[in-house]
Amino acid sequence: MDATKTIIEAVGKMRQRRTSPLMLELDLTEGLTDAPPADPVSALLSMRRARLSDVIGGLRRARRDPRVKGLIVKIGGHPLGLAMVQEIRNAVVHFRAAGKLTVAWADTYGEVANGTVPYYLASAFEKVYLQPSGDVGLTGVAIEQRFLKGALGKLDVDYQVGQRHQYKTAANMFTQDHMTDAHKEMTGRLAESLTEQLVAGIAEGRGLEPKRVRELIDQGPFYGQEAVAAGLVDGLKYRDEVYADHVPEDSLLLYVARYAKTALPKMPHPGEQVVALVHGHGAIRLGRSGRSPLGGGSAMGSDTISAAIRAARRDDKVRAIVFRVDSPGGSYTASDSIWREVILAKRAGKPVIVSMGDVAASGGYFVSMAADVIYAQPGTLTGSIGVFGGKAVLGGLLGRLGISTEIVAEGANAGMFSSTRPFSDSQWARVNTWLDRVYDDFVDKVAQGRGMEREKAESLARGRVWTGADARDNGLVDELGGIEDALAEARKRAGLAADAPVRSYPKINPLERLMPAESSEDKTAATARVRLEAWGPLATFAAELGLPAAGPLVLPGQWVIR
């Protein structure tokens, strides 16, 4: 009897799963990942995080599924970048427009902290709730920069750094004790553009006038009752109350990412034409993609990404390539290697569409600029077309510590990168020649890739960072949108059906990862690994300088708006 009862209950549950109404859930407290893991460490660290593509794809499918009645999202915890938030927000807006219920709730939208971006995401939902003890940290956008020149001076540390040009502020923290006029101008426009986007989104989502939203930003943060009175949230409720009010008793709860995986994927038939998807995430470096075992984020290796684009180019079934870029930049030569593969793919007659994530700047823009079409979110940080280089001079500090150094060298410039002494005039001239060469090459390729006069490309360069919205207006970006828009554009340009399959490149199974590569053309030759170096043979020198480990084409500081 017990066995029969168990079987009957199991069959009943299976039937219920197939027929009951669904309420989808999304828990953002652990954050989201924007790319498949490139190495074992990344796979381990992202085990509990949903994939952005699964969330976007799941909501797109759910719009047309009559079983799906709504979506409940918990916001908070792990911060999300603004561009990723905008991608989720757009998916929620379309889901809501299909007549589905959308509910956002949070323990707090910023607990004694800035919660502007989390609340901006919540404002796209039909219903917004807050735990009674929570707050709405709607306080606006602040971009803070610290300067170390004074502290370094007290330690007898000097910096010899050249940058191209006035907006390339990566080294300013070492060479300045305040923002330069150009630094302040650029940062001010970034804050202004981002605020415009946040205000417009909140105003539309909550049915408020933009002027009123700006007033509320100046009055924030708000505790619960104030947020309700201001029309920012619809009520103060605990989780159990939110679910009791909005989840029908006969419905099943299912995470969006799990729902997305219940659909049978559209697998390409033998010989069927596809769109290739290549993910490039993290600082750009020479060699393979991977992650440092000592911490830090993933790195985009030129060998790995180049091999992926090359494999897609040579595959007769691939008709177009979508290159997802989320990178602050890094190595110039690594960026140039990837740029070349994009050029070769286009010459082979395969459209290349770039989809930018939170950041695609400096080297991240370098690898993107040759694409046929570039998509970015309004809040993407991009541009930063410039370069810097130089070194820290530590001789004074070492002397104060009683450390002496002697160099025996053959060659007039053999010791020019030593951190114990400054560059001579002739050596400094060589450094500046290198900076000019890299900068000119960067600007020339921007003009070539974007189809603009060099003078215009130069006016948009000079190291300046732009939001995606401003980059679209000035021609550095073609369209505003996310990965789904880029895939749709790729299918259209390739003459494929709207649901043509997408295949990630390079596609390497676990057994292939263990096998030694037969040649440099073997797709396993450039698999990701746990390792980090971006300055190549200058890695030790860069570390002594205190310069970013990612390389000379890098966006300064932590440029993720949260």
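**A friendly tour of a predicted model**

Just after helix H4, Gly 99 takes a positive phi of about 90°. This structure is a predicted model, so let's explore it together.

User: Do the ends of helix H4 lie where we would expect, and how many Å apart are they?

Analyst: Helix H4 covers residues 82-97, which makes 16 residues. At 1.5 Å a residue, the helix should span 22 Å. The model agrees with this, because the C-alpha atoms at the two ends are 22 Å apart.

User: Which strands stand at the edges of the open sheet?

Analyst: Six strands form this sheet, in the order S10-S6-S5-S4-S1-S11, with parallel pairing. An edge strand has a single partner strand, so one side of it is left without a neighbour in the sheet. That description fits S10 (235-236) and S11 (252-255).

User: What is the bridge partner of Tyr 129 in S10?

Analyst: Strand S6 takes in residues 127-130. S6 and S10 pair in the parallel sense over two bridges. In S10, the partner of Tyr 129 is Gly 235.

User: Which helix gives the most to the largest nonpolar core?

Analyst: This core has 53 residues, and Ile 309, Ile 321, Phe 323 and Tyr 365 have the most contacts inside it. Leaving aside neighbours within four places in sequence, Tyr 365 touches residues including Phe 442, Val 446 and Arg 450. With eight residues in the core, the helix that gives the most is H17 (residues 425-450).

User: How many residues are in the second, separate core?

Analyst: Among its members are Ala 91, Ala 104, Tyr 119 and Leu 232. Ala 91 is also one of the buried residues of H4. The size of this second core is 52 residues.

Definitions and conventions:
Residues are numbered from 1 along each chain as its sequence is written. This is a predicted model: local features need pLDDT of at least 70, side-chain atom pairs count only at pLDDT 80 or more; totals for chains, interfaces and linings use all residues. Side-chain values use heavy atoms; hydrogens and water are left out. A nonpolar core is a set of buried Ala, Val, Leu, Ile, Met, Phe, Trp, Tyr and Cys residues joined through side-chain atoms within 4.5 Å. Buried means under 20% relative accessible area, exposed over 50%, partly exposed in between (1.4 Å probe, protein chains only). Helices (H or I, at least four residues) and strands (E, at least two) are DSSP runs, numbered from the N terminus. Contact means heavy atoms within 4.5 Å. The expected span of a helix is 1.5 Å times one less than its number of residues. Two strands pair if DSSP finds at least two bridges between them.
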